[in-house]
Amino acid sequence: MNRLYNIILINGKVLLSIIARLSFLLTPESKLKKFAKGQQGLMKQIQAEMSCRRDYATPVIWLHASSLGEYGVARPIIKHLKQQGKYRIVVTFFSPTGYEALNVHHPEIDHIFYLPWDTARNARTFIETVHPQKAIFIISEYWVNYLNELRVRSIPTFLISAVISRNAPFFKWYGGLFRPSLKAFTHFLVLNRQSGENLKSLGYRNFSVIGDPLFDNAIAVASTPYQNPIVEKFTYGKEVFIAGSVSDRKDLQLVCHLANRYRDVRFIIVPHEISEEVLNDIKFNLDGYALCYSECDDNTDFSDTQTLIIDFLGALAFLYRYGKWAYVGGGFTPYLHSIIEATVYGLPVAFGPMIQRKVTPNELIQLGIGRVVRSEKELEQWFEALKDAPRQLERIKSTALDYSRENSGATSNIIQILA
C-alpha cells in the first residue's frame, strides 16, 4: 500500500513540474499555478534559510496547516509557545492562501514555508533540515511519508482539532494507504467523543477530547482593535450582511440572489480565493452597483454602492464586526469554512449542508444561531425571518456570545498536553 501511495505522489510531483513549466498558460491568480511555482526549488530554499537563521540552541516546533482557515487553530497555540520563549516556530502550508497571507511578516513565526511534496525523499530531507523537537498537524493532515519519518525518528507528533468520522479515509476501501500513518501520532486531540470512539475501533486509545482552539483565536481577533476607514465609510449607518469565504458557484448564487432581492441592505462579500475571474463573476451576478476594495480610497462615494467585494486576504475574521447577519461559504463542498469567526461577534449565520466534518455547525443549529440552507429560497426565508426582528437578533447575539465563552480555553489544555 505504501508503495502505491509513493507511486501516486511521484507521478504527482512530475505533473507539478510540468505545470510549473507551462504556467504561462494559467492566469497569474491561479491557485494551481502558485502552488506549482511554490514547489519549484523549495527544498533548497528551506535548507538555505534554516542554515542561515537557525539558532541551534533553541529547539524547533513544526506546525503544519493545510490553509489559512486551519491556521486559525494553530495561531493561539503558536502565541502561547512563543510566550514561553523556549522554541523556534516553523509553520508549513499546503495551500497558497495560507502561505501568501502570512509569509511577508509574522513576528510570532520564525520560518514559514510551503510543505514540500510528500515523497519519501522530501520527507527525510525536510525532517533532517528542520530537525523538529515536536510536530503538530492541524485538523486532518495525513501525509504518509512525513508521518512515517517522524515515527521512525521517534519525534513526538500531535494531531489537533481532529474530527475522526466514519467518512474519514481510514474507513474507506483505500484506507490501507492511510491507517498506518496514525501510528506516528503520540496523541490525538479530538473535538468530540464520537471521534474518540472511532479511534478506539481502529485500536487507538491515546486521545483526549479537547475543545476547539478556534474559539480562542476568534475571541482574540474579535477583541483586537481594528480600523478600516474604507469599510467603515461603506458601512456607516447601514445594515450590513457579511458573506465570508464564498468558495464556489453555489455560494455565489445564493449570496448574489439575496443581495439582488434586498437592495436596502449593504453586502460585504469576501471570496475565499481572489482572482480576476472570481471578482468579475461576482460583479456579473449582482444587479446593484458593486466595487472591489482595491478600487476604493478614503474619498470614494459609496452612496450608490450596494456591495463591497474584499479583494485581499487575511481580514475576514476582523470584518465580521461590521455585520448584522452572516453567510459562511464552503458548505456545498466537504470544506465548510470557519463559522466560529462570525459566531464570536454574536451574528446569526447560515451555511451550506455539508457539515459532517465539523462539530460546531450542529451545535449552532440546536441553539438557534446557525441554519443550513440548500437553496436561494431557503437563504431568503432565513434572512427574511431575521431582517426586522431586533428581539430575535438580540437573543441570538446573547446566546452566541455565551456559547463562545463556554467553549473558550482549549488552548491552555492543549499546551499542557504538548508540554
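**Close-up views of helix contacts and cysteines**

**View 1. Cys256, a buried cysteine.** In this predicted model, Cys256 is buried, with a relative accessible area of 2%. Buried here means under 20% relative accessible area, so Cys256 fits that class. If you are hunting for disulfides, a search of the whole structure finds 0. Cys256 is in none, and the nearest cysteine sulfur, which belongs to Cys292, lies 12 Å away.

**View 2. Cys292 and the closest cysteine sulfur.** Now let us turn to Cys292, which counts as buried at 5% relative accessibility. Which cysteine holds the sulfur closest to that of Cys292? That sulfur is in Cys296, at 8.1 Å. A disulfide needs two cysteine sulfur atoms within 2.5 Å, so this pair is too far apart for a bond.

**View 3. Helix 11 against helix 12.** Here helix 11 (residues 249–261) packs with helix 12 (residues 276–285) at an angle of about 35°, and their axes are 9 Å apart. The crossing of helix 11 past helix 12 is right-handed. Cys256 from the opening view appears again, joining Arg249, Leu252 and Asn260 of helix 11 to meet Asp281, Ile282 and Asn285 of helix 12. By type, the residues of this contact are 3 nonpolar, 2 polar and 2 charged.

**View 4. Helix 15 against helix 17.** Helix 15 (residues 360–367) and helix 17 (residues 390–406) pack at an angle of about 140°, with 11 Å between their axes. The two helices are therefore oblique to each other. Helix 15 passes helix 17 in a right-handed crossing. On the helix 15 side you will find Thr360, Glu363, Leu364 and Leu367, while helix 17 contributes Arg395, Thr399 and Tyr403. The contact residues divide into 3 nonpolar, 2 polar and 2 charged.

Note on methods. Residues are numbered from 1 along each chain as its sequence is written. This is a predicted model: local features need pLDDT of at least 70, side-chain atom pairs count only at pLDDT 80 or more; totals for chains, interfaces and linings use all residues. Side-chain values use heavy atoms; hydrogens and water are left out. Axes are lines fitted to C-alpha atoms, for helices over the stretch in contact, and angles run from 0 to 180 degrees between N-to-C directions. Helices (H or I, at least four residues) and strands (E, at least two) are DSSP runs, numbered from the N terminus. Angles under 35 degrees count as roughly parallel, over 145 as roughly antiparallel, 65 to 115 as roughly perpendicular and the rest as oblique. A crossing is left-handed if the near helix is turned anticlockwise from the far one by less than a right angle, and right-handed if clockwise. Contact means heavy atoms within 4.5 Å. Ala, Val, Leu, Ile, Met, Phe, Trp, Tyr, Cys and Pro count as nonpolar, Asp, Glu, Lys and Arg as charged, and the others, Gly among them, as polar. Buried means under 20% relative accessible area, exposed over 50%, partly exposed in between (1.4 Å probe, protein chains only).
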